[in-house]
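Here's a quick briefing to read alongside the model. Have a look at the inside first, then the surface.

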Amino acid sequence: INFKFKGEMMKKIIAALVVILALIAGVFFATKDAKSGVAKTINDGITKTVDGAVGKSAGAAIEQQIAEFIARNDIFETTSAKFYPGDSNSSGFIEGVVKKEKLQAYLTDGVKKIKGLADRDDVNETLDFNPQEAFPQDFAFRYDYAVKHSVKDVADGFEMNGTIKVQTPYYAEPIKEFFKTDTPVSTHVLFGPTERKFEAKLADIDLSDDGDIVRIAGFSLGGTSDMSGDIIKGLNFKLPELYMNDDESIAIGLKGFGYDATFINGVAKSSDLLKFVMSDVDYKASVEELVVIADKRRFIVATNLSSQGKNRVKDGILSSKDESKIETLKIADVLLRNIHSDMGVSLSAKLYEKFAFAKPDDLEALKRDTTLLRDLLKDDVKLDINDFSFENSLSKKFSLNSNILVGGFIDEEKLFERMGFSGKIKINTTIADFLSPYDSLRDFGPMVEVYADQFVKKDGNGVKMEFRYDKASNSFDLNGKLIPLPSKF
C-alpha cells in the first residue's frame, strides 16, 4: 500500500508524535536524582511519607511524591505547579516547557534510527527535513491530574489519572488536526509499593488526504517499572482498531491487537533497542481480526490470531520458543481453520545481533571476512518445528514437523561440520480430497496427486512423507529410499 501522507503533512505527523512521546516519557520516567532536600528515589520518598504520616493528611504525603517527581524529571522544565490536597482524593496540575533544543535532538536521533533500520529511498525522502524547522519553538503544556488515596493506602501506593494539554499554538494546531483535541494523551499510573504501573492512551486519529484514509482508535502504551522508573519490567501495547485505505481501493483493517512483554531480569530504560531484544523475555500477542481489502473485496481475512513464547540468552546462546494459533484464515476462496505452530530456535547471540540489525554493507563485509563468519557460525543453529498444522474447510488436516541443524562453519565449499535435516508431512486424506472444497484449486487436485505420488506414501486414509538428510553418505532419505546428492552439497 502506497499511502500519500508525505511532504508537509507527514512532517507534521512525525513532529507531533515526537512531542507526544517526549511528554509520555516526561510523565512516566524520572531521569535524574532529585534536587537537594528531596528524597533520591520515589521508594525512599514513600518510606519517609509513611514514617511521617502520623499527624499529617494523606494529601500532604502525596504532595511530597509530586514534588519528588518534578524534581527528578529531566525532560521538561516546570513553570508552575499546584496541588490541592483532600482526605481521599487530591488533584493538581503541572505546567511545563520542553525546550526546542531537546525536541530537535530527539527528532534527529529518531530519524537517524528509522533511516538506518528502513534503508529505503521513499522513507529517506519522507524523513528528509530539518529538525530546526520542525521545532522552531519551545513546547509548552499542562498536565492535570487527580489522585485517589487514603492514609492507609499511602503506604501501599496511590493511583493517579491525568491528561496532557498542548498550550503552544504552533504545536496545538497540527495536533488538533490529527487528534481533534488539544489534549491528545491521557495517563494512568499506579505508584507502589514495590513498582509502578503506567499507561498512556492516545486520542483517536482520523485522517484523510487526497483519497487516503487512516483511522487509529484506542491506541495505548503501558508497562511496569521499579519505583524509580529506571528499570523496565514489562511493556504492553493495545490497538483496538486500525483502518488504512488508499485511493487505489486497497485497505487494511485490524481489530483487537494487543502485545505484552515481561522482562525477566528488567532492562534499564536508557538501553538501546538491541538490549531490549536480547533480554530474557516472556511475551504474548493477539489480534481479533485482520482484513486486507483489494478492489472492494475482503481478499484476506484472519480471525483470532494469538502468539505466546519466550526468549532466553544463556552462555552466549539465544533460544526462542513460540506457539501461535489462527482460528480461521481465508485468502480469496481458500478457507483454512485451526492453524497452529509450535517452534523453537537456538543460535549464537552474536550471530543474531550481526544479522538482525545488519545493513546491506554489513552483510557484504561478512561475506569478505570468512574468519568473522566462521566465528559467528561455530555454534549450532537449530530450528525445531514441533508442529505446523491446519485444517481445510471440511476439517481435513495437514501437519508438518521438522528439525534442522547446522554448526561448525568450514567454508563456502564444505559448508558445515554438523548438518541435520529431518521431518514428516502428513495429510489425513488424499491430496485431491484435501483441495476439493476450493473452486480455485479443485481442478488441480488430481494433477498434484499424480505428481506427488513419487514423494508420498499411503498412511491409512491419507498420505505421508518422511525425509532425512544423511551427512555421512551425503544423501537424502525420502520414505526410506536414499537419493544421492551432488558432492558439493
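The largest nonpolar core has 38 residues, and Phe139 and Tyr145 have the most contacts inside it. A nonpolar core here is a set of buried Ala, Val, Leu, Ile, Met, Phe, Trp, Tyr and Cys residues joined through side-chain atoms within 4.5 Å; buried means under 20% relative accessible area, exposed over 50% (1.4 Å probe, protein chains only). This is a predicted model: local features need pLDDT of at least 70, side-chain atom pairs count only at pLDDT 80 or more, and totals for chains, interfaces and linings use all residues. Residues are numbered from 1 along each chain as its sequence is written, and side-chain values use heavy atoms, with hydrogens and water left out.

**Cores**
- Apart from the largest core lies another, of 23 residues, including Val287 and Leu435.

**Helix H8**
- Helix H8 (residues 169–179; helices are DSSP runs of H or I, at least four residues, and strands are runs of E, at least two, numbered from the N terminus) has Tyr171, Ala172, Pro174, Ile175, Phe178 and Phe179 as its buried residues.
- Right after H8 comes Lys180, with a positive phi near 60 degrees.

**His340**
- His340 sits in strand S15 (residues 334–348) and is buried, at 18% relative accessible area.
- Its side chain makes a polar contact of 2.5 Å with that of Asp387 (a pair of N or O atoms within 3.5 Å; within protein, one must be able to donate a hydrogen and the other to accept it, and residues adjacent in sequence count only if both atoms are side-chain atoms).

**Helix H15**
- Met447 lies in helix H15 (residues 445–452) and is exposed, with a relative accessible area of 52%.
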